[in-house]
Amino acid sequence: MYDFETWPERHDTTSVKWKMIETELGVGHEDVLALSVADMEFVTPPAVVEALVDAARNDVFGYDYATDEYLAAVCDWMRRRHGLEADPKLISLSAGVMPAVNTALRAFTHPGDAVIIQRPVYYPFTNAAMNNGLEILNNALLFDGETGRYSMDFEDLERKASDPRCKAIMLCNPHNPVGRVWTAEELRMLGDICVANDVMILCDEIHGDLEHPGHAVTMFGTLGERYADHLIEFTAPSKSFNLAGLLCSNAIFHNAKVKQEFDIAAAKTGGSTVNHLGMVACMAAYARCEDWFEEMLAVVRRNLDTVRAFADTHDGIRLIEPEGTYLAWLDCRGLGLSNDELETFMHEQARLYFDEGYLFGQEGSGFERINLACPVRVIERMCRQLDAALCKLGVGPVAADFADCV
């Protein structure tokens, strides 16, 4: 058994998540609860700490390369968890998934080209497109209000992919923030469209390990050689083991020429490598922390159960059931508040700081993204605070047994 009950104190540290509250809300908001940025509120896996301490005592921090041991740890994890047979010779390292995605955009697009994204989607995709001078073609996800489920609009995707300016799509699997785990059939349909139109698939699989029961993640590279010339998979241990600050990610290729073009683009900005301690942590996590990871997933699923029970017992809000990630996408449009009103309500009345849905595109207006990777008592506190604020707003619980879930 590992410690998932300790809640690390992250005020007055280098945590972006907690600093945002201080910067944006100012004095008097020290009690606001941060559940936004997608890192964890858990103590670090013990085996990772042990490996880092050993490295700090014994290693020399000179120039590094990816050793056979490191690449084997990455490939073994991908094979064991996903059935993906990655070739260690076709892996490039980077300080993070988004730096690697930006490198890929520079390799396979030019300013004035177009790139497809699927809003509501991880907002750094928008920033990456804009910063590289690309026009955004938004293949907005379809939302079924009856089932509360998102799907891809393949007719629109085909139209946009056939635009001669379109050179790439940034794909999120599992999807952040809506939590969809795309099926193999959906991925093949997308892949076939991209191959037919010579569109590169830049597949962000950083949440790929984080699947919920009944929704196995299909890594794109398991779908066969048909897509090899048009595919890069971006992976990292950062979400699964909370290692984002150690700057380590792995881009997986299935075609040597595609990797070569990526590496040339990386070289133009000084090359692509990772932090030495990031490699140490990645090896330890993939080789020694699988039990920790499974226990962490169980805590996340318990937190999801609590949020589901809360949503089911309150009018005006609805949980969009996630199939993957440790994020919850909460539909608050039933409260009848504008984006500004909803944000103010969460900050000032509920004393909660989520990722506001509008950040992910206008399709996210009226939604909140909630980070579930935290001790159970944190989510229970969140529910109590939100319950009290909703009652003051005149939206009380509709079921008497809500207290049982917190």
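Which residues does F241 touch, not counting residues up to four places away in sequence? In this predicted model, the contacts of F241 are M40, P45, W77, A285, Y286, C289, W292 and F293.

F241 also belongs to the largest nonpolar core, which has 82 residues. Within this core, F241 is one of five residues that touch the most other members, together with L35, Y70, M296 and M382. Helix α11, spanning residues 290–312, supplies the largest share of the core, with 10 residues. Both domain 1 and domain 2 contribute to the core, each with at least three residues. As a general background, nonpolar side chains tend to be buried together in soluble globular proteins.

The chain is divided into two domains. Domain 1 is made of two segments, 16–44 and 289–393, while domain 2 covers 47–287. The C-alpha centres of domain 1 and domain 2 are 25 Å apart. Contacts between the domains involve 33 residues of domain 1 and 42 residues of domain 2. According to an unreviewed UniProt entry, residues 31–385 carry the annotation "domain: Aminotransferase class I/classII large". Over residues 31–385, helix accounts for 40% of the chain and strand for 17%. The C-alpha atoms at the two ends of this stretch are separated by 11 Å.

An open sheet is formed by four strands, arranged in the order β11-β12-β15-β14 with antiparallel pairing. The edges are occupied by β11 (318–320) and β14 (355–356); each has a single partner strand, so one side of each has no neighbour in the sheet. In general, strands of a sheet pair through backbone hydrogen bonds, in either a parallel or an antiparallel manner. The antiparallel pairing of β14 with β15 (residues 367–371) extends over two bridges. D355 has R369 in β15 as its bridge partner. Helix α11, already described as a contributor to the core, lies across β11 and β12 (327–331) and runs at about 140° to β11.

A further helix, α13 (residues 376–393), contains V378. V378 has a relative accessible area of 1% and is therefore buried, the cut-off for this class being under 20%. When neighbours within four places in sequence are left aside, V378 is in contact with W7, L33 and L35. One of these contacts, L35, is also among the core residues that touch the most other members. V378 and D59 are 319 residues apart along the chain, and their C-alpha atoms are separated by 37 Å.

Notes: Residues numbered from 1 in each chain as written. Predicted model: local features only at pLDDT ≥ 70, side-chain atom pairs only at ≥ 80, totals over all residues. Heavy atoms only, no water. Core = buried A, V, L, I, M, F, W, Y, C linked by side-chain atoms within 4.5 Å. Buried < 20%, exposed > 50% of the residue type's maximum accessible area, 1.4 Å probe, protein only. Domains from an automatic or database assignment. Contact = heavy atoms within 4.5 Å. UniProt positions renumbered as here; feature names shortened; annotations may be inferred. Pairing = 2+ DSSP bridges. Axes fitted to C-alpha atoms, helices over the stretch in contact; angles between N-to-C directions.
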